[in-house]
Amino acid sequence: MSFPYGLIATDLDGTLLRSDESVSQRTRDALAAATAAGAAHIVVTGRAVPWTRHVLDDLGYDGLAVCGQGAQVYHAGEHRLLTSVTLDRQLAGVALAKIEAEVGPLYLAASRDGLDGEVLVGPGYAVTGSLPAVPFTDASDLWTAPLNKVYIQHPTLGDDELADTARRVAGGLVTVAMAGAGIVELLPLGLSKATGLSLAARRLGLKAADTIAFGDMPNDIPMFAWAARGVAMANAHEELRAVADEVTLSNEEDGIAAVLEGLLG
């Protein structure tokens with residue numbers, strides 16, 4: 001049995017994971033068959049390592065994972081951080097000030113660097129799901145340790161409008177990513193899932209031309225641009241669907257498995 005791609009890159013939320021954060025047996029079996037046929041599987045997620053590790057452990061996943069929107073390359077089998085990029089806190093502070101000057105006060109959260117980096121959550125910020133977070137009340141607490149990213153929410157603006165505004169007024173200082181419902185992030189300038197994935201692929205001796213990528217949100221656009229083939233889930237954001245080579249079934253309907261099974265013949 002042969003497989004036409006050397007590398008399968010999958011986003012987690014809305015892509016590999018179902019809404020209950022599980023991975024179906026069908027999808028596990030399809031990934032196992034593809035890796036048995038010679039492909040490597042790399043998880044590429046916006047989540048930082050502490051919010052990703054339990055998912056990888058449950059999968060029995062011991063390869064490389066790209067976490068924190070490309071900021072971290074993590075060796076799951078060794079529970080070791082191989083590379084990590086942090087946010088320039090001074091630039092991030094200026095970027096936040098520019099965005100707030102445009103739209104008014106924001107609700108804030110931030111992801112601290114490291115294997116056990118906490119996610120700090122400020123007043124008003126709504127955390128998606130049940131992932132662990134540490135509340136803070138004094139905004140100066142945000143800047144006391146190295147960060148991978150800052151999350152922003154607005155009392156009235158939608159995600160797309162907030163992300164577009166942030167890009168317009170602060171896009172020269174930080175990268176702005178829209179990673180899911182209620183998840184607009186400020187990242188180190190120039191960072192994307194593609195930069196992290198290219199680093200991880202190089203460690204495996206693989207290239208963009210070897211890669212099929214699966215995703216569901218605008219933060220997956222750079223990864224699709226890098227990979228030879230980009231597959232959007234049926235539940236994907238319209239911006240990602242517009243640049244995808246193919247649209248598969250939704251994450252709830254084993255969309256990844258459907259494509260892999262077809263490629264495996």
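Helices here are DSSP runs of H or I with at least four residues, numbered from the N terminus. The model on screen is predicted.

**Stop 1: the cavity**

Select Thr15, Leu16, Arg18, Ser24, Thr27, Asn251, Asp254, Gly255 and Ile256; these residues line the largest cavity. Its volume is about 30 Å³, and the count of cavities of 30 Å³ or more comes to 1.

Now colour helix α1, residues 12-16, and helix α9, residues 255-264. Each of the two helices supplies at least two residues of the lining.

Next, colour the lining of the largest cavity by residue class: 5 residues are polar, 2 are charged and 2 are nonpolar.

**Stop 2: the aromatic rings**

Clear the selection and move on to the rings. The structure holds 3 aromatic pairs. For one of them, select Trp51 and Tyr151, whose ring centres are 6.5 Å apart. The angle between the planes is 35 degrees, and the pair counts as tilted; the tilted class takes in planes that are neither under 30 degrees apart nor over 60.

What does this pair tie together? Show helix α3, residues 49-59, which contains Trp51, and strand β9, residues 147-153, which contains Tyr151. Because the two rings sit in these two elements, the pair ties together parts that are 100 residues apart in sequence.

With the surface switched on, are Trp51 and Tyr151 buried or exposed? Both residues are buried, that is, under 20% relative accessible area.

**Stop 3: the cluster**

Keep Trp51 and Tyr151 selected and add Tyr125. Ring pairs link these three residues into a cluster.

Conventions: Residues are numbered from 1 along each chain as its sequence is written. This is a predicted model: local features need pLDDT of at least 70, side-chain atom pairs count only at pLDDT 80 or more; totals for chains, interfaces and linings use all residues. Side-chain values use heavy atoms; hydrogens and water are left out. On a 1 Å grid over the protein atoms alone, a cavity is a set of points where a 1.4 Å probe fits but cannot get out, and a pocket is an open set with protein on both sides within 12 Å along at least five of seven lines; lining residues have an atom within 4 Å of a point. Grid points are joined across faces, edges and corners, and a volume is the space filled by probe spheres set on the points. Ala, Val, Leu, Ile, Met, Phe, Trp, Tyr, Cys and Pro count as nonpolar, Asp, Glu, Lys and Arg as charged, and the others, Gly among them, as polar. Rings of Phe, Tyr and Trp (its six-membered ring) pair if their centres lie within 6.5 Å; planes under 30 degrees apart count as stacked, over 60 as edge-to-face and the rest as tilted. Buried means under 20% relative accessible area, exposed over 50%, partly exposed in between (1.4 Å probe, protein chains only).
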